[in-house]
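Student: I'd like to learn how to read a model like this one. Could you walk me through it, a feature at a time?

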Number of protein chains: 2
Amino acid sequence: MNRLDTSDPDFAQQFHALHDWDANLDPQIEVRVREIVTTVRDRGDAALREYTERFDGVTTASAAELEIPRSAWDAALHGLEPTQRVALEEAAQRIRSYHEHQRSVGWTFTEADGTMLGQRILPLARVGIYVPGGKAAYPSSVLMNAIPAHVAGVKEIIMTVPTPQGQVNPWVLAAAAIAGVDRVFCIGGAQAVAALAYGTESVPAVDKIVGPGNIYVATAKRMVFGRVGIDMIAGPSEILVISDGSAPAEWLAWDLLSQAEHDEIAQSIFISWDDAHIESVVNAVDAALDVLDRAPIARKSWADRGAVIRVRDRAEACAIADRIAPEHLELAVQNPEDWLADIHNAGAIFMGIHSCEALGDYVAGPNHVLPTGGSARFSSPLGVYDFVKRSSLIHSSPAGAARLGQIAERLALGEGLTAHARSAACRIPEAGS
Amino acid sequence: MNRLDTSDPDFAQQFHALHDWDANLDPQIEVRVREIVTTVRDRGDAALREYTERFDGVTTASAAELEIPRSAWDAALHGLEPTQRVALEEAAQRIRSYHEHQRSVGWTFTEADGTMLGQRILPLARVGIYVPGGKAAYPSSVLMNAIPAHVAGVKEIIMTVPTPQGQVNPWVLAAAAIAGVDRVFCIGGAQAVAALAYGTESVPAVDKIVGPGNIYVATAKRMVFGRVGIDMIAGPSEILVISDGSAPAEWLAWDLLSQAEHDEIAQSIFISWDDAHIESVVNAVDAALDVLDRAPIARKSWADRGAVIRVRDRAEACAIADRIAPEHLELAVQNPEDWLADIHNAGAIFMGIHSCEALGDYVAGPNHVLPTGGSARFSSPLGVYDFVKRSSLIHSSPAGAARLGQIAERLALGEGLTAHARSAACRIPEAGS
């Protein structure tokens, strides 16, 4: 793990190296993804079936087999052990309740001359949810992506999940049944993204594609952006824990490793000003690594990308948090509410020693799809607002057209746009008429 | 102009050809833009000055000359003819008032066991506004991009505008002074986007880049997306006018041409079920083209991309509007409010015969940066919401951690994530303790 200290003369340089992770834009991947996307666009189901056979080892007798029927999800749901099913349903219920607070409504106002202005908000008609397949298929990811869309009122939610070598995760199907998904297709990779963006004979074209995926999926999403909406391009997951020593070192060690166990390039950073506490946490991480199932992954993540930053004080801790703009920020401190004014950039803020990230990943209610790689500076957790669109409403009265038309005409002439000027001017009654 | 009729047997095919405009992804442009972006990222001001000399013919004695000082904008503002200045200021005031309705506030709620959940909303810290330069520099574009950012509370608004051969549009500088811009740099193209995304010695790195631009600018924005936020990639502008014959044909002709005069690839579409009215509008467009300043552009746009679609009835008109998902929709009809329930996809809806697009372009108040190319299906006008970010807040009480921790533990074990499970479990008091 990397050890940094803000009082070191080369701290700035070390911090930059730790923090400046740029997404690798491999031109070769882009070329391959472009070929897949255009082939699916042009050849539809036939291409989709070929790629699914080639990449996932799944042979289909007809395009209809690309869809997983609802009876299979229902069977998966009923097949869950009862306590598992209750856990999934309770999580779904809490996620739904939280996201209902994100609903927004349109508005209008009318000016003195009768001109009405406003903004209308409507749900998207059809959305695609990409769910990674195979062993790393996460039912929580299905809930977190589908429920906000469902709460927004999206009419049709299409889920795609690859089933490599026919491997289907029953939890994922059960989650689809709970979350309000309408149809599920067993496709993945760039070909699934292309099918959702352009539509094939079997897969309907959607208006927006959300959900995590590997570099091929991310590259394909970037490529079809504009044709459809997409969510943020997700980078490796990160957690930043700031501790004043209030929490047991062991708790914090598990928190740091809950990020590290995701992925070798996941990043866990621990910040404190308390030297003894720092050593306790470092030791607790080492001890925890010895008993962790996914220790090989977590060990590499912690060794290569993990960091412990010793700061002078709370002010430095906040400043570093703002520069990192972490996906997850744990304020494992007394009175965390007093810290909020000094923290501006974070996807989710876990306040106090009882608020571990794992609660937020599954069940607290807020979304676990969060801005990574510093993008919390400018973007937000996935939410209901990502599944609606707004339209401006302009209903000018005759008097409004006369008054505003004069301004519009003047500005249009200033820009050299005669037709704009005439369009406004023809609605101004002539003087005396 | 293209003539379509929904009762023609090949209408579907003709409509597809008219509507399916895919952004051309020229790989050569991508290669050139990538070189510019990486060079500016790696070499900063030196590269920026070289490109500005090469592409804009502007030689700078030092990097400081890349900035246009506030004194120059103030001079531009004071140099405006008084009626021009009043028009610009009144437009700015109306745009500001409308956008103030888009402000949103965070919220929290506390559950029975003391667990607090919520969502915080903060403005972005620093935003870049790209403004095209030269002859097509539009002051209205400065207002429409900068004012929502200013209303959102963005701390620093950086504007870039190329000044080809030293050509500066004083209206654009005056608009910057009015709209709340903080700094202006005379740079453009992919190099300006790169400078805003990565920062140079002179140009500060921003959190998000918005504003229209040519294919180089759009490609660069797509490339830096993720490093910074971007607004929608804008395509050619479009208007769809649906008319029941209530408005004089001449008015509608100017409305159609106010789109066509923008660009040879802009698209104006007229829909009606009234044959005599259709012929009047077609004739009025031809007559108007004869007296239009930008006739060569408008004529080509109308000839190649323009269309008149005869429909059977209002229901067909609405269905086509929804498929086109136009940037601008004019409902030049009696009782336009009765139509809204049947229209789902449009960037801005201009209701009634007095609400021409030109009012919305300049002064009505709603934003003129609107989703193009059918993206109104999933995206929204530029607004205050584009200049804020949200953070989830999770403050679990000890009782909440105990209760939710059990669910999180179960779901984490179901996903095979042991550290997540342990992180949740360690906060559950042991039975009897």
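Student: How many salt bridges are there between chain B and chain A?

Tutor: The general idea comes first: side chains of opposite charge can pair when their charged atoms come close. Keep in mind that this is a predicted model. Here the count between chain B and chain A is eight salt bridges, and over all chains it comes to 38. One that crosses between the chains is B:Arg94 with A:Glu111, whose closest N and O atoms are 2.8 Å apart.

Student: Which residue forms a salt bridge with B:Glu30?

Tutor: That's A:Arg34, with the closest N and O atoms 3.7 Å apart. B:Glu30 sits in helix H2 (residues 27-43) of chain B and A:Arg34 in helix H2 (residues 27-43) of chain A, so this pair joins two chains.

Student: Is B:Glu30 buried or exposed?

Tutor: Buried goes with a relative accessible area under 20%. B:Glu30 has 16%, so it counts as buried. A:Arg34 has 26%, so that one is partly exposed.

Student: What about salt bridges inside a chain?

Tutor: Try B:Arg403 and B:Asp113, where the closest N and O atoms are 3.0 Å apart. B:Arg403 lies in helix H15 of chain B, while B:Asp113 is in the loop between E3 and E4 of chain B, so the pair ties together parts that are 290 residues apart in sequence. B:Arg403 is partly exposed, at 36% relative accessible area. Another pair in chain B is B:Arg312 with B:Glu316, and there the closest N and O atoms are 2.5 Å apart.

Student: Which residues do salt bridges with shared partners join into one network?

Tutor: A:Arg94, B:Glu111, B:Asp113 and B:Arg403.

Student: How much area do chain B and chain A bury between them?

Tutor: The size of an interface is often given as the accessible area lost when the parts come together. Here the two chains bury about 10800 Å², with 58% of it on carbon and sulfur atoms. B:Tyr362, B:Ile394 and B:Arg427 supply 7% of the area that chain B buries against chain A, more than any other three residues. The contact takes 124 residues from chain B and 124 residues from chain A.

Student: And the polar side of that interface?

Tutor: There are 63 residue pairs in polar contact across it, both partners being at pLDDT 80 or more. On the side of chain B that touches chain A, helix H15 (residues 398-414) of chain B gives the most, with 11 residues.

Student: What is the order of the strands in the nine-stranded sheet?

Tutor: Read it from edge to edge: E1(A)-E12(A)-E11(A)-E10(A)-E13(A)-E14(A)-E15(B)-E4(B)-E3(B), an open sheet with mixed pairing. The edge strands, E1 (2-5) of chain A and E3 (107-110) of chain B, each pair on one side only. From one strand to the next the twist averages 15°.

Student: How many bridges join E3(B) to E4(B)?

Tutor: Four, and these strands run antiparallel. Within that pairing, B:Phe109 stands opposite B:Leu117. Helix H1 (residues 11-19) of chain A packs on the sheet and touches E1, E11 (267-272) and E12 (307-310) of chain A. The direction of H1 makes about 140° with that of E1(A).

Student: Where is A:Ala325 found?

Tutor: In the loop between helix H13 (314-324) and strand E13 (328-332) of chain A. Check its backbone: phi is near 50°, a positive value in a residue other than glycine. A:Ala325 is also buried, at 0% relative accessible area. In chain B, B:Ala325 has a positive phi of about 50° and counts as buried at 0% relative accessibility.

Notes
Residues are numbered from 1 along each chain as its sequence is written. Chains are lettered from A and ligands numbered from 1 in the order in which they are written. This is a predicted model: local features need pLDDT of at least 70, side-chain atom pairs count only at pLDDT 80 or more; totals for chains, interfaces and linings use all residues. Side-chain values use heavy atoms; hydrogens and water are left out. Two strands pair if DSSP finds at least two bridges between them. Axes are lines fitted to C-alpha atoms, for helices over the stretch in contact, and angles run from 0 to 180 degrees between N-to-C directions. Contact means heavy atoms within 4.5 Å. Buried means under 20% relative accessible area, exposed over 50%, partly exposed in between (1.4 Å probe, protein chains only). Buried area is the accessible area (1.4 Å probe) that two parts lose on being put together, summed over both. A salt bridge is a side-chain nitrogen of Lys or Arg within 4 Å of a carboxyl oxygen of Asp or Glu. A polar contact is a pair of N or O atoms within 3.5 Å; within protein, one must be able to donate a hydrogen and the other to accept it, and residues adjacent in sequence count only if both atoms are side-chain atoms.
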